[in-house]
Amino acid sequence: MPFKKIPKTTVPLVKVWEHKAQKCGLLHSVYAVNGDKYTGEWLDNKKHGKGTQVWKKAGTIYDGDWKNGKRDGYGTLSHMDSTTDDYIRLYCGGWKNDKKDGFGTHFYSQTSWYEGEWLEGQRSGWGRMYYSNGDVYEGEWLEDKHHGQGMLRFADDNRYEGCWKQGKKHGPGKFFFLNKGQLYEGVWKDGVAKYGTVSDFGRKEASSPTTYPLPKVCLKDMNAVLMDSSALVEEHSDGA
């Protein structure tokens, strides 16, 4: 019977051992030298699929989706309360490339939180922000600031509805002084009211109404006056 010679493998043993050591599929907890821990799925030695990451030094934990080693999909980020040793939820929602992305809710404190759209870790799109002082903003955002159309309702129920730019009132808008029963309609620039009209609005229901109602002012062409005022404001802005 002829002897069959088995050819030697051309792959070095170190490569074979490295391939066998690659993390792939569902594994038990994997610990880092700094105390961090990951439990979940892997693909090509990267966190991929469902998994839970604990950062020991920072005291935070993420539970959710991973893609190529980064948080991607839907997940919850929590932080440990040093007084109770319980985890408190910080953010719950969408992720992309390790940053908040899509729709999600971020809890800044027990009395302050944001629910809405995110883009690359910043509030961008539509969203509602509840502030700790009782104010509520609902509308458009860009790079963590009010930008576009939005309404800011103050704790005393007064509110502003209109345009925003980089976190400031900018453009046409209305300010409702519901405590006094008045309405201001006008144009803002960099958070400052430039021109507009004031009229009575709900004086009978107001908590602190003005002593006397505003007299009616009649103009033949109110729009023309507002347009002239707008042009004057733009002229001074260009000159500055």
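At 32% relative accessibility, E185 counts as partly exposed, a label used here for anything between buried (under 20% relative accessible area) and exposed (over 50%), with a 1.4 Å probe and protein chains only. The model is a predicted one, so local features were taken at pLDDT of at least 70 and side-chain atom pairs at pLDDT 80 or more, while totals for chains, interfaces and linings use all residues. Residues are numbered from 1 along each chain as its sequence is written, and side-chain values rest on heavy atoms, with hydrogens and water left out.

E185 makes a good way into the salt bridges. Its side chain meets that of K174 in one of them, at 3.9 Å from N to O. E185 sits in strand β14 (residues 182–189) and K174 in strand β13, so the pair ties together parts that are 11 residues apart in sequence. Strands, like helices, are DSSP runs numbered from the N terminus (E, at least two residues, for strands; H or I, at least four, for helices). K174 counts as partly exposed too, given its relative accessibility of 36%.

In total, the structure holds seven salt bridges, where a salt bridge is a side-chain nitrogen of Lys or Arg within 4 Å of a carboxyl oxygen of Asp or Glu. One of them joins K50 to D65, with the closest N and O atoms 2.6 Å apart. This pair links distant parts of the chain: K50 belongs to strand β3 (residues 46–55) and D65 to strand β4 (residues 60–67), with their positions 15 residues apart in the numbering. The two partners sit in rather unlike surroundings, as K50 is exposed with a relative accessible area of 52%, whereas D65 is buried with 16%. Elsewhere, E115, R128 and E138 are linked in a network of salt bridges.

Another salt bridge brings together the side chains of D144 and R123, at 2.9 Å from N to O. Here, too, distant parts of the chain are linked: D144 is in the loop between β10 (136–142) and β11, R123 is in strand β9 (residues 122–130), and the two are 21 residues apart. R123 counts as buried because its relative accessibility is 12%, while D144 is partly exposed, with a relative accessible area of 29%. The backbone of D144 also catches the eye: it has a positive phi of about 70°, although D144 is not a glycine. D190 is a further non-glycine residue with a positive phi, in this case about 55°. D190 lies in the loop between β14 and β15 (192–200) and is partly exposed, at a relative accessible area of 47%.

Next come the strands β11, β12 and β13. Strand β11 (residues 145–153) runs antiparallel to strand β12 (residues 159–165), and six bridges join them; strands count as paired if DSSP finds at least two bridges between them. Within this pairing, M151 has E161 of β12 as its bridge partner. The two strands form a hairpin with five residues between them, and D157 in the turn has a positive phi of about 75°. On to the next pairing: β12 is joined by six bridges to strand β13 (residues 168–177), again antiparallel. K165 stands opposite K168 in β13. The hairpin of β12 and β13 has two residues between the strands, and Q166 takes a positive phi near 50° there.

Two more residues are worth a look, starting with R71 in strand β5 (residues 70–80). R71 counts as buried, with a relative accessibility of 13%. Its side chain is joined to that of D98 by a polar contact of 2.9 Å. The term polar contact covers a pair of N or O atoms within 3.5 Å; within protein, one atom must be able to donate a hydrogen and the other to accept it, and residues adjacent in sequence count only if both atoms are side-chain atoms. Leaving aside neighbours within four places in sequence, R71 is in contact (heavy atoms within 4.5 Å) with W55, Y62, D65, W66, L77, W95, K96, N97 and D98. D65 in that list is also the salt-bridge partner of K50.

Y87, finally, is found in strand β6 (residues 87–96). With 38% relative accessibility, Y87 counts as partly exposed. Not counting residues up to four places away in sequence, Y87 touches V54, G59, T60, I61, S78, H79 and M80. As for G59, Y87 is 28 residues from it in sequence and 8.7 Å from it in space, C-alpha to C-alpha.
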